[in-house]
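Reader: Please choose one chain of this structure and take me through it closely, in the way you would at the bench. I would like to hear how that chain meets its neighbour, how its interior is laid out, and which charged pairs it holds.

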Amino acid sequence: MVFSSIPFLYYFLPVVILFYLVVPKKLKNAVLLLSSIVFYAWGEPKYVFLMLGTVLANYILGILIEKHRGNSLAKVYMTMSLMFSLGALGYFKYADFFIENFNRATGLSVQLLNIALPIGISFYTFQILSYTIDVYRGNVSAQKNFITLATYVALFPQLIAGPIVRYIDIEKELKHRTHSFEKISAGISRFVTGLSKKVLLANTLGELCAFFQGTTDKSVLFYWLYVVAYMLQVYFDFSGYSDMAIGLGKILGFEFLENFNYPFISKSITEFWRRWHISLGSWFRDYVYIPMGGNRVNKVRMLVNIFVVWFLTGFWHGAEWNFIVWGLYFGVLLTLEKFFYRSYVEKSKVFGHIYVLFLTAVSFAIFGAGSMKEAVSYVGGMFGVNGLPLVSQSFIYTVKNYWLVLVIGIIASTPVWKLALTPKTEKVWAVVKIPVLVVLLLLTTGFLADGAFNPFLYFRF
Amino acid sequence: MKKNIITTVVFALLVFGISVLCVFCPSPGFSESERRELASFPEISVQSISDGSFMSQFETYATERFPFRDLFRSIKANFATKVFMKKDNNGLFAADGHISKIDNEKNPAMMKHAEERFLYLYETYIKGKTDSVYFSVIPDKNFLLARENGYPSLNYEEFIDEMKQKVSYMKYIDVTSLLDIDDFYTTDTHWRQEKITDIAVKIGNEMGTDVMATYKENVLDKPFYGVYSGQIAMNFPPDEIVYLTNETLDNATVTYYGNGIPEKGEMYNMKKASGKDPYEMFLSGTMPVLTIENDNAKTDKELIMFRDSYGSSLAPLLVSGYSKITVLDTRYIKSEAVGSFADFNNADVLFIYSTTLLNNSLAIR
């Protein structure tokens, strides 16, 4: 089930909220767990057992790790947790990728497994590993209550598209959390904002992208227009989903960490990755990069560390070469910034922004492609190497059709509205906020009831 | 604090209120505006839940049967076009008082499919039996609407030229020069019968027969909301259907072969005129085979017409020039079965299709 759907908004959510509010405190986690299982099973009826099996295995291993903390058995159990969780991820997400490449390299034709990817497996695998690793490190105690641990992993607000919430961050809230009108009101506001970002902006920009992909009337400027629209689509889709997750979390009494912070205003790629998918970047930093030695090693080893992390970041996004190249592309840029020129680009206000937007645009052309071959074609198209004309009829039409959505998207991807906040405008906003949110909810409902374009971008994650 | 309570209460009422409406007052099962049956509540079973079909069908049900869905669709369409200033909504656009659908991609595979099916018919039934084989293409109304209004469009001239080359064994009859945008319904894809009498005369002349052009105009006493009307989800005034009659048409005998069994019927089916798609009143709409016999014809010439839905309103206008017209729609009858219904010896044969179908010809069997 996805948040931006009629079944979620008007069937699932009201029932869950109602039950959640009426049951006594000690049953609230059970209600959340049950509803999260329904939420997950709605899209993945069979794989719900895989998710619960992963939780059960790590629940037992967490207890064993804690029990043997300080001796070699803890390491064995930690290794088992890694093998079990990453093994499932590897089997379901990457097996066919490896078989395909093995076949290509050897000329053999090993049968593909053709396994459907369990939705959200990359997210919940990383969440549960953050738990067992933190238990191993002694940062948190093992959770003795299976329902509490399963609630943490399966919690429907962040289950299928993040943010990657760490156990340590909500450990206390899993046991005791407070509910207030202030939090609920803030959660509603955040949820409706995220829903609007996803349905009104991301989906409309997605229409542009789909039109571009479906037409043969391409041109160089059309490639650029597509890439800009795609960057904004992914940003509003993903950050909108994170907003919805954070908002729902607040309504249910949780405080999830922020996942996006206006990444397109960055002046360096390093800054971009501090603002884009923050929970993933910090996960790799804390559970891969730093354990490998991070910056506290010699330069060669540090380079290895950086490229391992960015290889994995790319691969995490999808089992295709274009994702690996996309990750390594950022690895190269971050290395160059680290060793050569970051301070220079960050000094210049204008150049830094142009630099980031240009390089991220190229990265999104690679990211949005269905394969490496397509990625090469997309990047080639942006630079006119495919012999395309500069403009085409479809490009001109698309500009006329989507110019305002693009302008709104560009403005909304910056914190420019904060500049407009004065004591006077804040008063006005306080008055109109509720009607604006109501209108936004009804508008998004109109888009959803129309059955308009509503893609699910996280199927690869 | 007060504001937070108000926000919470307002949204609780809104979400729970809509939720109650969803459960107890879903939209009707038939959409008048979209002229189609909407999804019904899916069957619940262990099988349908375990394979996920219940969930996907429920999502369709919940979306299609959403209370006041037409109102919400209209809000969406108006927001997209008036606030976001989009030039189309769901690929449909309004220009020069018409609604049309963007169709700018030529589909060579579909054109090839049509070519192969026509060649099969020609070689199987027609070759050696008659030399009077004609081909005509009806351009979509985008031909007269899209480019002029800045919408992406198929290159119709190039498309028609290409199709002409593919069926070079037929004589081509050009009707494009006689068309203007008023020849089409404003809310529908089809052409208006009362506006295409000149086209019927031209086709008749090209095929060497005289076609009468004097008719009485009859106005259907029901507004016609064409196929685009519901899809665009914006308030657009309906069309009116005018159908033509004269003595020849009144006296002609129409026989339908809906299930292969002959059944006498009307040229203009008034039951269908009151149905979900009133355009189907012309020769009863989707019909695999039908014949129109004109006992008062001054000739014994026969016409065999392969056509799509545009042919339904055209065929009656050719009746005066023939003693019998056999109208075949190979979307609903296999080409292999055509021989049982038509005698091609010395007959005129006309293939007349819209660019819309030729560019999406998979339905031609």
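Author: What follows is a close look at chain B, beginning with its contact with chain A and ending with its salt bridges.

This is a predicted model, in which local features need pLDDT of at least 70, side-chain atom pairs count only at pLDDT 80 or more, and totals for chains, interfaces and linings use all residues, while side-chain values use heavy atoms, with hydrogens and water left out. Residues are numbered from 1 along each chain as its sequence is written, and chains are lettered from A and ligands numbered from 1 in the order in which they are written.

The boundary with chain A comes to 48 residues of chain B in contact with 51 residues of chain A, where contact means heavy atoms within 4.5 Å. The two chains bury about 4,500 Å² between them, of which 72% lies on carbon and sulfur atoms; buried area here is the accessible area (1.4 Å probe) that two parts lose on being put together, summed over both. B:Phe11, B:Lys76 and B:Phe84 supply 15% of the area that chain B buries against chain A, more than any other three residues.

There are also polar links across this boundary. Three salt bridges are counted between chain B and chain A, a salt bridge being a side-chain nitrogen of Lys or Arg within 4 Å of a carboxyl oxygen of Asp or Glu. B:Arg73 makes a salt bridge with A:Asp450, with the closest N and O atoms 3.0 Å apart. Polar contacts between the chains involve 13 residue pairs, both residues at pLDDT 80 or more; such a contact is a pair of N or O atoms within 3.5 Å, and within protein one must be able to donate a hydrogen and the other to accept it, residues adjacent in sequence counting only if both atoms are side-chain atoms. On the side of chain B that touches chain A, helix 1 (2-24), helix 2, helix 3 and helix 4 of chain B each supply at least two residues, and the largest share, 15 residues, comes from helix 1 of chain B. Helices (H or I, at least four residues) and strands (E, at least two) are DSSP runs, numbered from the N terminus.

Helix 3 of chain B, residues 53-64, has twelve residues and reaches 16 Å from its first C-alpha to its last, close to the 16 Å expected at 1.5 Å a residue, the expected span being 1.5 Å times one less than the number of residues. Its buried residues are B:Phe54, B:Met55, B:Phe58, B:Tyr61, B:Ala62, B:Thr63 and B:Glu64, with buried meaning under 20% relative accessible area, exposed over 50%, and partly exposed in between (1.4 Å probe, protein chains only). These buried residues pack against parts of both chains, among them helix 1 (6-22) and helix 18 (423-449) of chain A and helix 4 (69-83) of chain B.

Elsewhere in chain B, eight strands form an open sheet with mixed pairing, in the order 6-5-14-12-13-11-9-10. Strand 6 (171-172) and strand 10 (263-265) of chain B stand at the edges with a single partner strand each, so one side of each is left without a neighbour in the sheet; two strands pair if DSSP finds at least two bridges between them. Strand 14 of chain B, residues 348-354, is mostly covered, with seven of its seven residues buried. B:Asp348, B:Leu350, B:Ile352 and B:Ser354 point one way from this strand, whereas B:Val349, B:Phe351 and B:Tyr353 point the other way. Strand 5 (residues 133-138) of chain B runs parallel to strand 14 and is joined to it by six bridges, with B:Ser136 opposite B:Ile352. Strand 12 of chain B also runs parallel to strand 14, through five bridges, and there B:Ile304 has B:Val349 as its bridge partner. Five bridges likewise join strand 12 (residues 302-307) to strand 13 (residues 324-328) of chain B, again in parallel, and B:Met305 is partnered with B:Val327.

Among the salt bridges within chain B, B:Glu162 and B:Lys106 meet at 2.7 Å, N to O. This pair links distant parts of the chain, 56 residues apart, with B:Glu162 in helix 7 (residues 156-166) and B:Lys106 in the loop between strand 4 (98-101) and helix 5 (108-126) of chain B. B:Glu162 counts as partly exposed because its relative accessibility is 26%, and B:Lys106 counts as partly exposed at 29%. B:Asp329 and B:Arg331 form another salt bridge, at 2.8 Å, N to O, and both of these residues are buried.
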